[in-house]
Amino acid sequence: QVQLVESGGGLVQPGGSLRLSCVASGRIFSITGMGWYRQAPEKERELVAAITSGGMTNYADSVKGRFIISRDNTKNTAYLQMNSLEPEDTAVYYCNAAVRQFSWSDYESWFWGQGTQVTVSS
């Protein structure tokens with residue numbers, strides 16, 4: 001199996017910054033896409049940012065210009081640098097990854113982390 005572990009969440013004041021990390025471990029041959037999602041209370045889970053193995057990125061309109069997604073393929077790790085945080089960014093942030101587990105199969109399985117709480121409040 002594959003485990004994704006997020007870290008870096010916490011309480012921050014409006015205008016502040018946080019950096020989230022997501023480390024993937026387990027039976028991994030390669031990781032194609034990695035992404036960050038978030039879910040606020042009583043709201044649907046939404047995509048925040050995604051990145052391919054080649055470094056192509058995609059962002060939700062609400063975070064463009066404030067958040068930066070990156071990854072270190074040698075460490076099976078993705079990062080989310082969050083700047084200029086707003087109270088509306090308060091949510092549980094989840095890491096997601098598309099994983100090829102075997103060299104002899106192109107099949108990708110999707111895995112989720114357990115989430116990390118980000119609270120933006122004065």
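Is Arg100 buried or exposed? In this predicted model, Arg100 has a relative accessible area of 17% and is therefore buried, the limit for that class being under 20%. The side chain of Arg100 meets that of Asp106 in a salt bridge, with an N to O distance of 3.6 Å. The partner in this pair falls into another accessibility class, since Asp106 has 64% relative accessibility and therefore counts as exposed, a term applied over 50%.

The pair of Arg100 and Asp106 belongs to a wider set of charged contacts. Side chains of opposite charge can pair when their charged atoms come close. The structure holds 6 salt bridges. A network of such bridges links Arg38, Glu46, Arg66, Glu86 and Asp89. Within this group, Arg38 is bridged to Glu46, and the closest N and O atoms of the two lie 2.7 Å apart. Arg38 also forms a salt bridge with Asp89, for which the closest N and O atoms are 2.9 Å apart. Because Asp89 lies in the loop between β8 and β9 while Arg38 lies in strand β4, this second pair ties together parts that are 51 residues apart in sequence. The accessibilities of the three residues can be set out in turn. Arg38 counts as buried because its relative accessibility is 6%. Asp89 is likewise buried, at 1% relative accessibility. Glu46, with a relative accessible area of 36%, is partly exposed.

The covalent cross-link was examined next. The structure holds 1 disulfide, and this bond joins Cys22 to Cys95 with an S to S distance of 2.0 Å. The angle about the S-S bond is -80 degrees, and the link is left-handed. Cys22 belongs to strand β3 and Cys95 to strand β9, so that the disulfide connects distant parts of the chain, 73 residues apart. Both ends of the bond are buried: Cys22 has a relative accessible area of 0%, and Cys95 has a relative accessibility of 1%.

Strand β3, which carries Cys22, is also part of an open sheet of 4 strands. The strand order in this sheet is β1-β3-β8-β7, and the pairing is antiparallel. The edge strands are β1 and β7, each of which pairs on one side only. On average, and with direction ignored, neighbouring strands of the sheet are turned by 15 degrees against each other. In the antiparallel pairing of β3 with β8 there are 6 bridges. One of the residue pairs can be named: Leu18 has Met82, in β8, as its bridge partner.

Met82 reappears in the nonpolar interior. The largest nonpolar core has 32 residues, of which Trp36, Leu80, Met82 and Tyr93 touch the most other members. At least two residues of this core are supplied by each of the strands β1 (2–7), β3 (18–26), β4 (30–39), β5 (46–51), β7, β8, β9 and β11 (116–120). The largest share, 5 residues, comes from β9. For Tyr93, the surroundings can be described residue by residue. When residues up to four places away in sequence are not counted, Tyr93 touches Trp36, Leu80 and Met82, among others. Further contacts of Tyr93 include the nonpolar residues Leu20, Val48, Phe67 and Val118, together with Tyr37. Charged residues are also present among the contacts of Tyr93, including Glu6 and Arg38; Arg38 is the residue that forms salt bridges with Glu46 and with Asp89. Gly115 and Thr116 are likewise touched by Tyr93.

Backbone geometry was considered last, with attention to two loop residues. Asn76 has a phi near 50 degrees, a positive value in a residue other than glycine. This residue is found in the loop between β7 (67–72) and β8 (77–82). With 23% relative accessibility, Asn76 counts as partly exposed. For Ser84, phi is near 50 degrees, again a positive value in a residue other than glycine. Ser84 is located in the loop between β8 and β9 (91–100), the loop in which Asp89 lies. The relative accessible area of Ser84 is 40%, and Ser84 is therefore partly exposed.

How values were computed
Residues are numbered from 1 along each chain as its sequence is written. This is a predicted model: local features need pLDDT of at least 70, side-chain atom pairs count only at pLDDT 80 or more; totals for chains, interfaces and linings use all residues. Side-chain values use heavy atoms; hydrogens and water are left out. Buried means under 20% relative accessible area, exposed over 50%, partly exposed in between (1.4 Å probe, protein chains only). A nonpolar core is a set of buried Ala, Val, Leu, Ile, Met, Phe, Trp, Tyr and Cys residues joined through side-chain atoms within 4.5 Å. Contact means heavy atoms within 4.5 Å. A disulfide is a pair of cysteine sulfur atoms within 2.5 Å. A salt bridge is a side-chain nitrogen of Lys or Arg within 4 Å of a carboxyl oxygen of Asp or Glu. Two strands pair if DSSP finds at least two bridges between them. Axes are lines fitted to C-alpha atoms, for helices over the stretch in contact, and angles run from 0 to 180 degrees between N-to-C directions.
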